[in-house]
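Work through the exercises below with the model open. Each task is followed by a stepwise solution.

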Amino acid sequence: MLGNIVPPAARYVTTGGSRVWLGGVLKPRRVVASKILIESEPAQFPDDASFFIDFPEDITAIKWGDGALTAWSADNIYLVSGDGPNDQGVGSFGEPQRVPSDVGAVPDSPVIETQDGWMFQSKRGIYLFRVVRRDNQEV
């Protein structure tokens with residue numbers, strides 16, 4: 001089993017998929033995932049690359065929903081799926097997939113969940129983000 005470290009300072013935090021996700025860490029293009037959460041225990045963060053997700057741009061917001069991590073940059077939106085590593089570091093997350101869009105979130109944009117999707121602040125105004133799965137059903 002991998003040892004634990006003090007989690008890095010983070011500007012953005014979300015939970016989901018039985019993990020805690022930290023964005024806006026020392027490396028602004030990186031999101032750090034915790035080990036699988038265990039009830040009545042604090043979140044545990046190993047210093048292992050299998051728990052890091054590196055993006056092609058600095059991350060400005062993160063949110064978990066429908067089995068995937070959504071990460072915004074100033075100009076784009078990315079989805080990351082996959083179960084990720086177990087406590088021994090075996091397994092992985094998928095590569096960040098860019099959502100076909102020409103908009104991202106301004107730094108520190110709140111991401112507000114509504115019944116219609118997630119609202120966020122972009123350079124051009126407030127946008128609503130809806131995930132469309134491969135079977136063309138909106139999530």
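Strands here are DSSP runs of E, at least two residues long, numbered from the N terminus. The model is predicted.

**Exercise 1.** Place Ile-126 in the fold, and decide whether Ile-126 is buried or exposed.

*Solution.*
- Find the element: Ile-126 sits in strand β11, residues 125–129.
- Read the relative accessible area: 59% for Ile-126.
- Apply the cut-off: exposed means over 50%. Ile-126 is therefore exposed.
- Look at the surroundings: Ile-126 joins Ile-112, Met-119 and Leu-128 in a nonpolar surface patch of about 360 Å².

**Exercise 2.** Describe the backbone and exposure of Ser-18.

*Solution.*
- Locate the residue: Ser-18 is in the loop that links β1 (12–16) to β2 (19–23).
- Check phi: the value is positive, about 60 degrees, though Ser-18 is not a glycine.
- Classify: with 43% relative accessibility, Ser-18 is partly exposed.

**Exercise 3.** Do the same for Asp-108.

*Solution.*
- Locate the residue: Asp-108 belongs to the loop between β8 (97–98) and β9 (112–114).
- Check phi: Asp-108 is not a glycine, yet its phi is positive at about 65 degrees.
- Classify: a relative accessibility of 42% makes Asp-108 partly exposed.

**Exercise 4.** Which residues line the largest cavity, and what is its volume?

*Solution.*
- Count: the structure has one cavity of 30 Å³ or more.
- Size: the largest cavity has a volume of about 40 Å³.
- Lining: the residues are Ile-36, Leu-37, Ile-38, Glu-41, Pro-42, Ala-43, Gln-44 and Asp-87.
- Sort the lining: five are nonpolar, one is polar and two are charged.

Note on methods:
Residues are numbered from 1 along each chain as its sequence is written. This is a predicted model: local features need pLDDT of at least 70, side-chain atom pairs count only at pLDDT 80 or more; totals for chains, interfaces and linings use all residues. Side-chain values use heavy atoms; hydrogens and water are left out. Patches are made of residues with over 30% relative accessible area and no salt bridge: like charges are joined within 9 Å, nonpolar side chains (Val, Leu, Ile, Met, Phe, Trp, Tyr) within 5 Å. Accessible areas come from the Shrake-Rupley method with a 1.4 Å probe; for residues, only the protein chains shown count as cover. A salt bridge is a side-chain nitrogen of Lys or Arg within 4 Å of a carboxyl oxygen of Asp or Glu. Helices (H or I, at least four residues) and strands (E, at least two) are DSSP runs, numbered from the N terminus. Buried means under 20% relative accessible area, exposed over 50%, partly exposed in between (1.4 Å probe, protein chains only). On a 1 Å grid over the protein atoms alone, a cavity is a set of points where a 1.4 Å probe fits but cannot get out, and a pocket is an open set with protein on both sides within 12 Å along at least five of seven lines; lining residues have an atom within 4 Å of a point. Grid points are joined across faces, edges and corners, and a volume is the space filled by probe spheres set on the points. Ala, Val, Leu, Ile, Met, Phe, Trp, Tyr, Cys and Pro count as nonpolar, Asp, Glu, Lys and Arg as charged, and the others, Gly among them, as polar.
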